[in-house]
Amino acid sequence: MPQAALSTPHPSAHPGTQPATQFNDLFDLSGRTVLITGATGGLGQALTWAMARQRAQVLVSDRDAEACDELCRALAAAGHSAAALPCDLSDPAQVQALIEAAPGPFGPPQVLVANAGMQGPAGPLHQVSDADWAQVMALNLKSVHQLCAGLLPGMAASGQGSIVLMASIAGLRGNAQIGLYGLSKAALAQLARNLAVEWGPRGVRVNAISPGLIRTPLAAGLLANDDFMRRRLAQTPLRRVGEPHEVAGLAVLLASAAGAFITGQNLVVDGGTTISDGN
């Protein structure tokens, strides 16, 4: 039986045949508007500065309006384009207002980094109250879905877009203390997969990032706990905690041309904690 003819490879399959310009500015975000929620926290600021330093126009969103303004002033002083859009994401009316306001400063966002979230109560799941459940899920999951639903059609209309959902390794394994948080973050990773399938045909990519222990103010209590840190670092092949810029760099990749063929993924940034047997 004759063999089926092989299809002719696209020129891009052979790097040597590509125009040199395809290798330039892979991480450049010039002309792109990036909306970042939770932008004034430790990780949020790293995300915001990383995007701005790749020449993105950044929309700074967080609950504290003055903190948003302060961050925008610092960005402007460094020569970056930024606008403050304060929002309490636990309020659906404010989320809708953010969706409607986002195109105002620089045009419709091409990138959303959904970074805002809360840990919620510590303790076993059977002790979680209805109020705790509603609060954590409203901020960590429902508001993200509302934002995505509001911004995705505009991205699709332009034929391109990137959404980055900030999940956590707490959503990848069991946890006796922050199970509700882990549930919400696992749901975010699944939301990324679902939206990637729904919107990929229209040029929009959706991914999640799952950080491990990162040196931020939110982690200050854990970082100060010597017993916890000995156990955690023994379980982490790189034997250290992560830095905010190491998460922000991945977000830039996912927002840029460098990540243009990545979608529906949950990318782990944890120094190897979740792949280690503790040796």
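# A walk through the model, starting at Arg55

Arg55 comes out as partly exposed, because its relative accessibility is 46%, and partly exposed covers the range between under 20% and over 50%. Keep in mind as you look around that this is a predicted model. Arg55 sits in the loop between H1 and strand S2 (57-61). Its backbone has a quirk: phi is near 75 degrees, a positive value in a residue other than glycine.

Arg239 shows a similar kind of backbone. Its phi is positive, at about 55 degrees, although Arg239 is not a glycine. You'll find Arg239 in the loop between helix H8 (226-234) and H9, and with 42% relative accessibility it counts as partly exposed.

Follow the chain on from that loop and you reach helix H9, residues 244-255. Does its length make sense? Let's check what to expect. The twelve residues of H9, at 1.5 Å a residue, should span 16 Å, and the end C-alpha atoms are 17 Å apart, so the two agree. If the 16 Å puzzles you, the expected span is 1.5 Å times one less than the number of residues. Much of what H9 carries is hidden away: Pro244, Val247, Ala248, Leu250, Ala251, Val252, Leu254 and Ala255 are buried. These buried residues of H9 pack against helix H1 (42-53), S4, strand S5 (161-166), strand S6 (204-211) and S7.

Strand S7 (residues 266-269) is worth a stop, as Asn266 lies there. Asn266 counts as buried because its relative accessibility is 18%, and the cut-off for buried is under 20%. Its side chain makes a polar contact with the side chain of Ser210, at 2.8 Å. Leaving aside residues up to four places away in sequence, Asn266 touches Ala167, Leu172, Ala189, Arg193, Ala208, Ile209 and Ser210.

Now for the charged pairs. The whole structure holds five salt bridges. One of them joins the side chains of Arg215 and Glu243, at 3.0 Å from N to O. Arg215 is in the loop between S6 and helix H7 (220-223), while Glu243 is in the loop between H8 and H9, so this pair ties together parts that are 28 residues apart in sequence. Both partners are partly exposed: Arg215 has 44% relative accessibility, and Glu243 has a relative accessible area of 23%.

Another salt bridge links Asp227 with Arg230, whose closest N and O atoms are 2.2 Å apart. These two residues are three apart in helix H8, so about one helical turn separates them. Asp227 is partly exposed at 43% relative accessibility, whereas Arg230, at 55%, counts as exposed. Then there's the salt bridge between the side chains of Arg73 and Glu66, at 2.8 Å from N to O. Here Arg73 is partly exposed, with a relative accessible area of 47%, and Glu66 is partly exposed too, at 44%.

Two more places round off the tour. On the surface, Leu125, Trp133 and Leu183 make a nonpolar patch of about 290 Å². Leu125 belongs to the loop between strand S4 (111-114) and helix H5 (130-158), and it is partly exposed, with a relative accessible area of 44%. Finally, look at Pro92 in helix H3 (residues 92-101). Pro92 is partly exposed at 41%. The C-alpha atoms of Pro92 and Gln146 are separated by 7.9 Å, with the two residues 54 apart along the chain.

Note on methods. Residues numbered from 1 in each chain as written. Predicted model: local features only at pLDDT ≥ 70, side-chain atom pairs only at ≥ 80, totals over all residues. Heavy atoms only, no water. Helix = DSSP H or I, 4+ residues; strand = E, 2+ residues; numbered from the N terminus. Buried < 20%, exposed > 50% of the residue type's maximum accessible area, 1.4 Å probe, protein only. Polar contact = N/O pair within 3.5 Å; in protein donor to acceptor, adjacent residues only side chain to side chain. Contact = heavy atoms within 4.5 Å. Patch = residues over 30% accessible without salt bridge, like charges linked within 9 Å, V, L, I, M, F, W, Y side chains within 5 Å. Areas by Shrake-Rupley, 256 points an atom, 1.4 Å probe, with all protein chains shown as cover. Salt bridge = Lys/Arg side-chain N within 4 Å of Asp/Glu carboxyl O.
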